[in-house]
Amino acid sequence: MTALEASSAVNSNSSQTNGSQNLVGEMATWITTTDHKRIGRLFLRGGFVWLISVIGVGFALGIERIDSGSSFFPADSIVQLFSYFRTGLALGVLAPLFIGVSIAIVPLQIGARAISFARMSLFGFYLWMLGSVMVMVSIIDNGGPFGGNRRMVDAYLLGVGLVLIGLLAAAISVASTVISARSTGLVISEIPVFSWSALIGAVGLILTLPIQLGSVIYAAVDHHYGRLAFGGNYGIDKWIGGAIGQPQTFIFIIPVLGVLAEVIASHGPRRQLIRTGGFVGVGILSTVLFGVVTRTEHLFEWSGSLGDKITSAIPYALFNLLPILGVFIVLAVSLLALKTNPPRLNAPLVPALLGVGMVFTGMLGYAVQMIAPADLAGTVFEEGVFVYIGYGAVLVAIGAIAHWSNELRGRSLPSGVVIGFGIVGFMATVLASLPYYIVGFANQRANSVTNFEYDGPRALWNVLVTTGHALMAIVVLGFSIVILRPQPLSAKSTP
Amino acid sequence: MTATVISPPRSAAKHQVFVATATAGSAVFMLMLGMLSIWLRFRDAAPLRESSNGTKMIRDWLPVNIAIPEVATNTTLITLVMTCVIAQWAVYATRRSDSSHTYLALAIVAVLGIAAINAQIAVYVQMEMGIADGAYQTLFYAITGTMTALLASGVVFSLVALFRALAGRLSDRQVMSAHALYWYVLTAAFSAMWFIVYVQK
C-alpha cells in the first residue's frame, strides 16, 4: 500500500512536473510561434482585451453624460478617457482584429504553406502589444492628449509609434503572402474575396500608417524637447488624430467586405455575382486612401453661386461618397443573393450582415458630417459615427471568427449562441450610436460630459447610449467565454 | 494495396523577399513623403520677411543665423547615388556567380551607407543648433534623424546580405535585387528630402 502510495506520489509529482513542463512548453510555443493561425489568434485575443476595456470606458462616459450638471471623474481626466476610447477602438481593436483574421485565414485560402515572414508578423504583434500597453498605462497615468504628466505623454507617443510599426510589419507580411506565396496556377484575379480584401487592406495600411507615423515622430520629438511647433500635449490630438479617426478607420476595416462576401457566397448560389461585387466593392472602398494620404477633409459648402456649389460638391463626392459606394455594392449584391435564395439562418451570416450594415450607416454619417451647413463638427455626432463603424466592425469580426471557427479553433461554434450575440450586438450598436446621431443635431458637444443644454429628453438619449455600451459588453464577454471554453473531448480522443 | 497520398497544394512562393522589400520600401517612401508634407505645411505657414539682400520677400522659416552646409549635404546625395550603382553591381556580380565582386560590392555599399550617415552627423556638427531652439530646429532634427535611421537600416540590410553571401548563399539572387531596390528607395527618399530641406530650405 505504502509502495503504491509512494508510486502514486511519484506519479503525481511526475505528472505535475510534466504538467508544468507542458505549460512552459506550451507558453514557449506560443511566444516563439511561426504558425500563422497562432499569430492571428494572438492578434485577435489582444484586440478583444482592448475591446473590453474600451467598452468599459464608453459605458463610464455614458453614465457621466446622463446628468449634464455633475461629473463623477475629475474634469481634467475626461478628455483623456475620450482619447482612450478612440485610440483603443481604432488602434487597439479594429486594426488588430482584421490583421489577425487575415494572418490566420489568408494562407489557407491561397494555398500558401505559411504566412510570409512569419517571424516579422510575430514581431509585429509584440511591437503592437508593447505599444498598446504603453498607451494604456500612459493614459491611465495622466498621459495621452491633453495629459499633464510629461513623461507619460512621451510614453503615449512612443506607444502609438510602436503600435503603428507593429501593424505595419504585420501588414507587409499579409501583402507579401498574397502577392508572392499563392499556390501554383492561382492568379490574383481568382483568389477568394476575403484574400483580395486582406490584400487591399494591407496595402492601404502600408501606404497610410507611415504617414501617421511621420506625424507621431514629429509630435514626439517636439513634445520631448521644445514643445514649440506642435502645441505640446494640447496639439497631439490635432496632429496624430488622423491615425485614430475617420477616414483612417475605413482602411482598417476594408476586410469586412471580404468577410461578408465569403459568408454569403458559402451559403448559396450567385457566387459569381457576389465575387464580382466583392472585388469591385473592395476596390472602390480603397479610394478612401486618397483622403488619408493627402490629409484633406473635403467639406460640402452650400454657399455661393451654382458653380461654387459644384466646385465644392465634386471633391466632396469623390472623397466622401465614393468609398461608401463600395460598401453599398457589396451590401446590395449580398441582399440580392439572399433574396434569390433565402439561406438557412446560420451563425456567421447574422453578425456579418448586420455588422456591415452598421459600418455602412457609420460611413453615411461621416458623409453627412462633412456637409458644412449641418454644423456637426465637434458634436457627439462624430462619436456616433465612430461607434457605428467600430462596433459594426466588431460584429463582422465575430461573424468572421464564427465562419472560420473550424480553421481557427478546430471546432465550430454553437449557431444559436452566435446568432443571439449577433442580434444583441446589433441592438447594442444602434443604442450606443443612434442617439448621438440625433443629439448631434441638438449640438451636444463631443469630448464633454457636462454643460450641455438643449430641448428634449437629454437623460434618455444618454441612458440609451449607456445601455448600448452595456449590451455590447455582454456580447463581447459572452462571445469571449464561448470561444475560450475548453474543447470537449471527442469520441476519437477518448482513450 | 497502394496507399494514396493526397499532396497539399504546392505553394509557388517566389520573390518573397523582393516583394516584401518593395512593400517595405513603399512604407519608407510614404513615411518621408508624410514628413515632408508637414514640413512644407509649416514652411508655408511661416510669415514673410525680406531676404538678406533685400531683393525679394521670402518665408521666415530658416532662421537667419543658421546656414546649411551644402557641401556635406550634396556629398551625401552623391554618395547615395553611388550606393545605388554599387548595389546594382552586386546584383550583376551575383548573376555571373562572381563571388569576390559580390563581396566587394556589398562591403562598399555598407561603407558608403556609413559614410552617408557620417556626412549627416557632420551636417549636425557644422550647423551647431539645438533641437529645442525653435520650430525649424525641431522639425529639422526630426526629419533628418528619421532619414538617418532609415540609412542605418540600409546598412544593416547590406551587412546581412554580405554575411549571407559570405556564408555561400550566392545563388539567392532575389536578396541582392531586394537589397538594391531598398537602396534605390532610400536614395529617392533622401533626394526628396535633400531638395526640400537642404536646397529649397
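These legends accompany a set of close-up views of a predicted model with chains A and B.

The model is predicted, so local features need pLDDT of at least 70 and side-chain atom pairs count only at pLDDT 80 or more, while totals for chains, interfaces and linings use all residues. Residues are numbered from 1 along each chain as its sequence is written, and chains are lettered from A and ligands numbered from 1 in the order in which they are written.

**View 1. Chain A, an all-helix count.** Chain A has 17 helices and zero strands; here helices (H or I, at least four residues) and strands (E, at least two) are DSSP runs, numbered from the N terminus. Its radius of gyration is 24 Å, close to the 23 Å that the globule rule gives for 495 residues, so chain A is as compact as a globular protein of that length. That radius is taken over C-alpha atoms, and the rule is 2.2 Å times the number of residues to the power 0.38. Along the principal axes, the C-alpha atoms of chain A fill a box of roughly 95 × 55 × 45 Å.

**View 2. Chain B, helices and a pair of strands.** Five helices and two strands make up the count for chain B, and from the N terminus on they run α-β-β-α-α-α-α. The radius of gyration of chain B is 22 Å, whereas a compact globule of 201 residues would have one near 17 Å. Its C-alpha atoms fill a box of roughly 95 × 40 × 25 Å, again taken along the principal axes.

**View 3. Where chain A touches chain B.** Here 31 residues of chain A are in contact with 30 residues of chain B, contact being scored when the C-beta atoms of two residues, placed from the backbone, lie within 7 Å. On the chain A side, helix 5 and helix 6 (193–224) each supply at least two residues. Helix 6 of chain A gives the most, with 11 residues. By class, the chain A side divides into 18 nonpolar, nine polar and four charged residues. For these classes, Ala, Val, Leu, Ile, Met, Phe, Trp, Tyr, Cys and Pro count as nonpolar, Asp, Glu, Lys and Arg as charged, and the others, Gly among them, as polar.

**View 4. A helix pair across the two chains.** Helix 5 (residues 150–180) of chain A packs on helix 1 (residues 16–45) of chain B at an angle of about 135 degrees, with the axes 9 Å apart. Axes are lines fitted to C-alpha atoms, for helices over the stretch in contact, and angles run from 0 to 180 degrees between N-to-C directions. The two helices are therefore oblique to each other: angles under 35 degrees count as roughly parallel, over 145 as roughly antiparallel, 65 to 115 as roughly perpendicular and the rest as oblique. Their crossing is right-handed, with the near helix turned clockwise from the far one by less than a right angle (anticlockwise would be left-handed). Among the residues that meet are Leu168(A), Ile172(A) and Ile179(A) from chain A, and Val19(B), Ala20(B) and Ala24(B) from chain B. This contact has eight nonpolar, four polar and no charged residues.

**View 5. Helices 2 and 3 of chain B, with the loop between them.** The axes of helix 2 (70–95) and helix 3 (99–127) of chain B come within 8 Å and cross at roughly 165 degrees. That makes helix 2 of chain B roughly antiparallel to helix 3 of chain B, and the crossing is left-handed. The contact divides into 18 nonpolar, 11 polar and no charged residues. Look in the connecting loop for Ser97(B), which has a positive phi of about 55 degrees although it is not a glycine.

**View 6. Helices 3 and 4 of chain B.** Helix 3 of chain B packs against helix 4 (residues 135–166) of chain B at about 160 degrees, with axes 9 Å apart. The two are therefore roughly antiparallel to each other, in a left-handed crossing. Contact residues include Tyr103(B), Leu106(B) and Ile114(B) of helix 3 and Leu151(B), Val155(B) and Leu162(B) of helix 4. By class, there are 16 nonpolar, eight polar and no charged residues in this contact.

**View 7. A cis peptide bond in chain A.** Gln246(A) and Pro247(A) are joined by a cis peptide bond, with omega about 5 degrees. Pro247(A) sits in the loop between helix 7 (232–240) and helix 8 (248–252) of chain A.
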